Amino acid sequence: MSMAGNLRKVTSLGRVGGLRKVARLTRRRPRVDLSHPARSPLGSSVVNCVTYRDGTREPGDGDVVDAVRRVRRSRDGFVWLGLHEPTDREFAGIAELFDLHPLAVEDAVEAHQRPKLERYGETLFAVFKTVCYVEHEKLTATSEVVNTGEIMVFVGEDFVITVRHGMHGSLGPLREDLEDRPDQLAKGPAAVLHAIADHVVDDYLSVTDSVQGDIDQVETDVFAPDGARTDPGRIYQLKRELLELKRAVMPLARPVEDLATRPIRVVPPEIQAYFRDVLDHLMRAKDQIAAFDELLNSILQAHLAQVTVAQNEDMRKITAWAAVIAVPTMVCGMYGMNFDHMPELRWRFGYPLVIGVIAVACLSLHRGFRRNGWL
């Protein structure tokens with residue numbers, strides 16, 4: 001029976017006894033490492049379920065109920081359960097097993113939440129916005145620059161539940177890195193929460209560095225000799241994508257500050273020191289984004305000024321040529337009135353003289369306009 005079928009049984013039974021029955025069914029399947037895939041190859045939302053004791057990964061078959069029972073019976077270690085985009089039905093049994101608050105469960109399933117930190121009894125619920133830079137050969141007015149996702153984290157005395165939304169931000173490499181540092185992992189679920197926060201904020205800094213490359217390219221194009229021809233849609237697109245990044249980074253400052261300074265039962269003081277380092281990196285990302293926003297405003301204003309200057313130059317050229325053309329137009333208009341008695345009308349050198357006067361007048365005007373920079 002597939003993991004998806006087992007989870008359907010979990011939600012239909014809705015009791016721990018039902019979960020134990022499902023556990024016996026899943027125990028028959030050989031253990032599969034599901035750390036890296038975006039979604040479990042077994043077809044369910046469960047990515048991984050691992051028990052840690054003294055910072056070391058315990059052997060097991062990935063069964064949630066047995067893992068929780070062993071941890072709570074020994075009062076040592078914790079369970080890390082990873083999920084990817086679970087449905088209401090898939091998450092119902094897990095929520096009942098870990099006694100999660102319905103409001104937090106609803107936020108975790110629905111996603112599209114603002115970064116925040118909330119406490120429900122003995123459980124801490126944190127929401128992080130994940131970001132990744134979308135590679136592109138050339139920035140256009142429709143290029144996607146920043147892609148966002150979400151990670152929701154439930155932290156209790158003996159468990160960590162991570163719920164991930166989006167196709168990026170896999171926690172598999174993070175889990176492996178923590179397992180290589182058992183002294184840090186031995187500090188409990190709060191250490192996992194710190195590692196996730198640090199991972200997310202480091203991604204912010206990486207994305208801002210990549211976005212800066214796009215901004216530098218746009219700035220170079222705008223201040224090039226033909227900068228007035230630069231498509232302003234590229235600048236607006238960068239500002240829209242920067243807004244997505246700002247929505248992920250800016251609201252996270254208060255939750256991280258609370259984790260670093262306020263006393264929270266599931267976050268021991270030795271972990272709070274690590275959150276202060278995360279807060280420092282987050283402030284750097286915030287300052288960079290604010291600077292990018294101001295820089296893009298300046299670039300846009302400079303581009304609009306360049307367009308205005310270019311238009312004025314075009315109008316001066318048009319006006320200058322109109323003045324040059326006005327001379328032959330005036331003379332030819334006078335001699336085209338078909339009067340019988342006009343000076344030089346029957347003079348042998350009248351035509352060459354008029355042509356000469358027109359040429360001298362036009363050349364004089366052209367020279368004067370070029371000297372003044374109009375042509």
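**Sheet architecture and the setting of D214**

The strands form an open sheet of 7 strands in the order β2-β1-β3-β7-β6-β5-β4, with mixed pairing. Its edge strands, β2 (56-57) and β4 (116-120), each pair on one side only. The model is predicted. This briefing covers the sheet, two helices that lie across it, and the residue D214, which belongs to helix α8 (residues 189-222).

**Strand pairing**

- Strands of a sheet pair through backbone hydrogen bonds, in either a parallel or an antiparallel sense.
- Between β1 (residues 46-53) and the edge strand β2, the pairing is antiparallel and extends over 2 bridges.
- Within this part of the sheet, Y52 stands opposite R57 of β2.

**Helices across the sheet**

- Helix α3 (residues 64-74) lies across β1, β3 (78-84) and β7 (159-165), and runs at about 20° to β1.
- Helix α5 (residues 102-110) lies across β4, β5 (123-133), β6 (146-155) and β7, and runs at about 155° to β6.
- Strand β7 is thus crossed by α3 and also by α5.

**Surroundings of D214**

- D214 is a buried residue of the model, yet has no salt bridge.
- The nearest side chain of opposite charge to D214 is that of R234, at 7.3 Å; a salt bridge requires a distance within 4 Å, so R234 does not qualify.
- The side chains of D214 and H136 are joined by a polar contact of 3.2 Å.
- Leaving aside residues up to four places away in sequence, D214 touches Y133, H136, L139, V145 and L238.

Technical notes: Residues numbered from 1 in each chain as written. Predicted model: local features only at pLDDT ≥ 70, side-chain atom pairs only at ≥ 80, totals over all residues. Heavy atoms only, no water. Pairing = 2+ DSSP bridges. Helix = DSSP H or I, 4+ residues; strand = E, 2+ residues; numbered from the N terminus. Contact = heavy atoms within 4.5 Å. Axes fitted to C-alpha atoms, helices over the stretch in contact; angles between N-to-C directions. Buried < 20%, exposed > 50% of the residue type's maximum accessible area, 1.4 Å probe, protein only. Lys, Arg positive; Asp, Glu negative; His and termini not counted. Polar contact = N/O pair within 3.5 Å; in protein donor to acceptor, adjacent residues only side chain to side chain.
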